[in-house]
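Q: Please take a close look at the interior of this model. I would like a connected account that goes from single residues to the packing and the empty space around them.

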Amino acid sequence: MAHVASETAYERLAGLGLEIAGYRTERHELDVSSGFRRVTTEIVLAGGGLEGRGEDVTYAAEDHDDYPEELPLAGEWTLGRFSEHLGGLDLFPGRPPGEEFFRQYRRWGFESAALDLALRQQRVGLDEALARPYEPVRFVLSTRLDINPWLAVDPRLEFKLDPTPEWDERLMRQIAGSGRVRQLDFKSFYTGSPVDNPPDPVQYRLVSELFPGAVLEDPALQGPAREVLRGQEARFSFDAPIHSWADVEAVTAKVAEECGPDCDRFVLRNLNIKPSRFGSLRALLDCVERAQAAGMVLYGGGQFELGIGRDQIQALASLLYPDGPNDVAPREYHGDAHGGVPASPLVPLDEQGPGFGFCFRA
């Protein structure tokens with residue numbers, strides 16, 4: 001009997017019918033701890049008496065001004081054909097974005113809204129469409145604030161932290177003593193942003209030694225700071241440079257090249273999945289399936305979503321990588337430590353309903 005390839009996750013979704021009559025946008029703003037005002041735009045597609053929502057998480061606040069209002073989106077589509085159409089549009093028609101990769105962020109905002117609307121119009125949830133159950137979602141809290149107030153709220157809380165230039169050995173030992181840090185993000189791929197962190201070999205060495213069980217995310221790929229992590233490659237994970245499976249292959253090859261003969265067969269073991277970085281649903285699901293087939297531990301990444309985008313990355317984590325240390329803490333965790341927040345894992349409601357979003361039991 002001839003082998004028949006199984007249907008991919010994207011193929012399960014691409015044929016969904018989609019009717020769009022028009023769209024509007026809703027702006028969200030919040031002052032955040034890392035020193036800037038977070039602005040996002042929620043995109044609301046309307047059709048057939050229903051609405052579907054997505055969130056554009058572009059970081060530059062000015063790129064949310066003069067949002068395009070007349071994109072040619074109306075019509076009857078399948079989700080796959082709409083995605084192809086969207087990929088041919090200039091979503092920044094007034095002026096180019098502050099960074100080219102913001103184009104993927106905006107595309108994801110429209111693609112996720114279209115997925116939400118298509119599911120609602122077909123009266124199915126994402127779990128039913130993918131033939132996968134929603135699972136409890138383990139999450140970590142990403143913060144640049146003192147973690148002790150949060151540990152006073154919940155001693156079991158896990159964290160993803162950014163080692164900043166202000167971290168000294170005393171502070172690192174104090175934080176490491178909590179035993180609750182799961183990822184440390186070096187952010188070596190950022191330049192000209194509020195979160196820049198120039199590679200520092202002293203910091204890299206201390207982080208590696210004092211947090212021996214933590215994942216090391218986005219380390220520098222060359223130079224003195226990279227050298228002090230030699231032998232620690234199994235702990236590496238990447239985020240900022242990943243926009244497709246091809247990027248995973250490229251960064252894996254770079255790590256193997258830099259560490260020499262000892263890494264001839266190096267395989268990346270951890271990967272941060274931020275849906276908006278991929279832009280399209282096809283690119284996202286292709287990367288997830290290939291990474292899981294390669295045996296990688298995946299975990300969802302957040303981008304300080306202020307609206308529906310947070311529910312949507314929780315939904316993807318629940319369906320695709322629920323057990324990873326997902327940076328998808330509920331919006332209730334924004335700001336200073338306070339009680340009354342949901343604990344990890346987030347337990348799904350028995351009935352999620354149609355659409356693309358995750359609802360958990362409080």
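A: A residue is called buried here when its relative accessible area is under 20%, exposed when it is over 50%, and partly exposed in between, using a 1.4 Å probe and the protein chains only. The model is predicted, with local features needing pLDDT of at least 70 and side-chain atom pairs counted only at pLDDT 80 or more, while totals for chains, interfaces and linings use all residues. Residues are numbered from 1 along each chain as its sequence is written, and side-chain values use heavy atoms, with hydrogens and water left out.

Asp239 is a useful starting point. Asp239 counts as buried because its relative accessibility is 1%. Its place is the loop that runs between strand S10 (236–237) and helix H9 (245–259); helices (H or I, at least four residues) and strands (E, at least two) are DSSP runs numbered from the N terminus. Leaving out residues up to four places away in sequence, Asp239 touches Tyr190, Glu217, Asp218, Asn272, Lys274 and Arg277, where contact means heavy atoms within 4.5 Å. The C-alpha atoms of Asp239 and Lys187 are 8.8 Å apart, with their positions 52 residues apart in sequence.

Arg277 leads on to Gln104, a residue of helix H3. Apart from neighbours within four places in sequence, Gln104 is in contact with Arg277 and also with His243, Ser276, Phe278 and Gly279. Gln104 has 24% relative accessibility and therefore counts as partly exposed. A longer span runs from Gln104 to Asp185: these residues are 81 places apart along the chain, and 22 Å separates their C-alpha atoms.

Ser276, one of the contacts of Gln104, also belongs to the lining of the largest cavity. The structure holds one cavity of 30 Å³ or more, and the volume of the largest cavity is about 80 Å³. The search uses a 1 Å grid over the protein atoms alone: a cavity is a set of points where a 1.4 Å probe fits but cannot get out, a pocket is an open set with protein on both sides within 12 Å along at least five of seven lines, and lining residues have an atom within 4 Å of a point. Grid points are joined across faces, edges and corners, and a volume is the space filled by probe spheres set on the points. The lining of the largest cavity has 13 residues, and those closest to its centre are Trp108, Ser276, Glu305, Gly309 and Ile313. Two or more lining residues come from each of helix H10 (275–278) and helix H12 (308–320), with H12 giving the most, four residues. By class, six residues of this lining are nonpolar, five polar and two charged; Ala, Val, Leu, Ile, Met, Phe, Trp, Tyr, Cys and Pro count as nonpolar, Asp, Glu, Lys and Arg as charged, and the others, Gly among them, as polar.

The second largest pocket has a volume of about 170 Å³. Its lining consists of Thr143, Arg144, Leu145, Asp146, Ile147, Asn148, Leu161, Asp162, Trp167, Leu171, Gln174 and Ile175. Helix H6 (residues 169–176) supplies the largest share of that lining, three residues. Six of the lining residues are nonpolar, three are polar and three are charged.

Next comes the packing. The largest nonpolar core has 101 residues, of which Leu13, Leu126, Phe211 and Leu271 touch the most other members. Such a core is a set of buried Ala, Val, Leu, Ile, Met, Phe, Trp, Tyr and Cys residues joined through side-chain atoms within 4.5 Å. Helix H3 (residues 102–122) contributes the most to this core, ten residues. With residues up to four places away in sequence set aside, Leu126 touches Leu13, Leu115, Leu119, Tyr134, Leu316, Leu319, Gly355 and Phe356.

Some backbone details complete the view. Arg123 sits in the loop between H3 and helix H4 (126–130), and its phi is near 60°, a positive value in a residue other than glycine. Arg123 counts as exposed because its relative accessibility is 67%. Phe304, in the loop between strand S12 (297–300) and H12, likewise has a positive phi, near 55°. Phe304 has 29% relative accessibility, so it counts as partly exposed. In the segment after H12 lies Pro345, which is joined to Ser344 by a cis peptide bond with omega about 0°.
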